[in-house]
Amino acid sequence: MKKSIVITGGAGFIGSHVVRLFTTKYPDYTIINVDALTYAGNLENLIDIEKSPNYFFEKVNILDPGALKTVFEKYSVTDVIHLAAESHVDRSILSPMDFIYTNVVGTANLLNVAKEFWKETLAEHRFYHVSTDEVYGTLGDTDLFTETTPYSPNSPYSASKAASDHFVRAYGETYHLPFVITNCSNNYGPNHFPEKLIPLFINNIINNKPLPVYGKGNNTRDWLFVIDHARAIDTVFHHGADKETYNVGGFNEWKNLDLVKLLCKLMDEKLGRTPGTSEGLIAYVKDRPGHDLRYAIDATKINRELGWKPSVTFEEGLSLTIDWYLQNQQWLQHVTSGNYQHYYETQYTNR
Ligand code: NAD
Ligand code: DAU
């Protein structure tokens, strides 16, 4: 069966890299980017591939089951790779209901439409749910998240992602909907919306603005280059076992303050500033409520069973990322000014 894959959230940070990889690597696949274009959706992320004959964009909210059904019928959808979500922990603390709607109800809508549309041929399809390591909660000094770590989400964001993971698994068990789930660590790289740590701090360093480190900067995250995450999704989509979960991570733990200092050092070098200039911008601010202390992924299962491992070191990936932001200041300027939100009207109306 010729593959016709809905990728939800394809205009976002990770989704855009997944859409690019699948559109270019698999010209025989039809790729349908389903995205509501919230503040985090930016079609300028996909300018280089938007005219590819196998790529289609549908401005659809996953909260609208009727519109999802229309997309399934229009493209005879065979598979789903589901990334659309509200993804920012700080926003989830301010507006938890947005996360419950999109991440839980939106995922359930997509499951219902897929289950109904594929009911005669269920075994031939795959529902791939992209999730996060945050569902496991927080770690002590030395342990790691494995695929069997009990769920213990601490933020409205991670609770909503945990709930969506449970619904996917429940549809697999109850209705035999074929599924696979990956739980990934913190991504970084090109096209990252500049409200998350690394792109925010790159933008602030460029503009000599303060770098707001939460608490004492002691929280630890495991960082993975976004293109390596897209490669992992490609691997699991094609080779992952049905009803399995795979953890995806960079084997790359950094305490926030150490990471910020490395970023400052690299930015000083690249901007030709006196060493120590950017570190002077560090400003300690009030901590995030319920701030998980440490995440660290044990990604040995995906490595052992499917052969995936990260392809770039953190130093290489961070350097590539900074170069991308320095060379794409127009992208950054469009995002920070809000201009990117007009791109859809300019590009897609009257087509
Ligand atoms: P993002 O916030 O950059 O992008 C989310 C995309 O989803 C946007 O294009 C947005 O317009 C779209 N969207 C939001 N609500 C929608 C709705 N109701 N209907 C249709 N589209 C909607 O997110 P991201 O960082 O690229 O994360 C993508 C996925 O990966 C999420 O499911 C997230 O939980 C997961 N994840 C992210 C990370 C990370 O470090 N960023 C790590 C692990 C897992
Ligand atoms: O672990 C995977 C998760 O990583 C994903 O599921 C989320 O979608 C993604 O946003 C990310 O969540 P985090 O909360 O870890 O990412 P964020 O970039 O918001 O913060 C990274 C760390 O930096 C965290 O410990 C909070 C801290 N931080 C963040 C910001 C934005 C600061 O100290 N200052 C800041 O201004």
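This is a short tour of ligand 1, its surroundings and one residue of strand β1, in a predicted model.

**Stop 1: the ligand and its neighbours.** Select ligand 1 and show the residues around it. There are 29 of them, and I14, D35, S87, Y157 and K161 come nearest. Try colouring this shell by residue class: you should find 14 nonpolar, 12 polar and 3 charged residues.

**Stop 2: polar contacts.** Now turn to the nitrogen and oxygen atoms of the ligand. Select S87, where a polar side-chain atom sits 2.7 Å from an oxygen atom of ligand 1. Next pick N61, whose side chain places an N or O atom 2.8 Å from a nitrogen atom of the ligand. At A36 the backbone takes part instead: one of its N or O atoms is 3.1 Å from a nitrogen atom of ligand 1. If you switch on a surface, keep in mind that ligand 1 has 830 Å² of accessible area on its own, and the protein covers 96% of that.

**Stop 3: the elements behind the shell.** Switch to a cartoon view and highlight α1 (13–25), β5 (126–132), α5 (156–175) and β7 (186–188), the elements that each give two or more residues to the shell. Which of them gives the largest share? That is β5, with 3 residues.

**Stop 4: T8.** Finally, select T8, which you will find in strand β1 (residues 4–8). Is T8 buried or exposed? Its relative accessibility is 0%, so T8 counts as buried. Show its contacts beyond four places in sequence, and V34, I62, I81, H82, L83, A84 and L110 appear. With A84 there is also a polar contact: a polar side-chain atom of T8 lies 2.9 Å from the backbone nitrogen of A84.

Note on methods: Residues numbered from 1 in each chain as written. Chains lettered and ligands numbered in written order. Predicted model: local features only at pLDDT ≥ 70, side-chain atom pairs only at ≥ 80, totals over all residues. Heavy atoms only, no water. Near = heavy atom within 4 Å. Polar contact = N/O pair within 3.5 Å; in protein donor to acceptor, adjacent residues only side chain to side chain. Areas by Shrake-Rupley, 256 points an atom, 1.4 Å probe, with all protein chains shown as cover. Helix = DSSP H or I, 4+ residues; strand = E, 2+ residues; numbered from the N terminus. Nonpolar A, V, L, I, M, F, W, Y, C, P; charged D, E, K, R; others polar. Buried < 20%, exposed > 50% of the residue type's maximum accessible area, 1.4 Å probe, protein only. Contact = heavy atoms within 4.5 Å.
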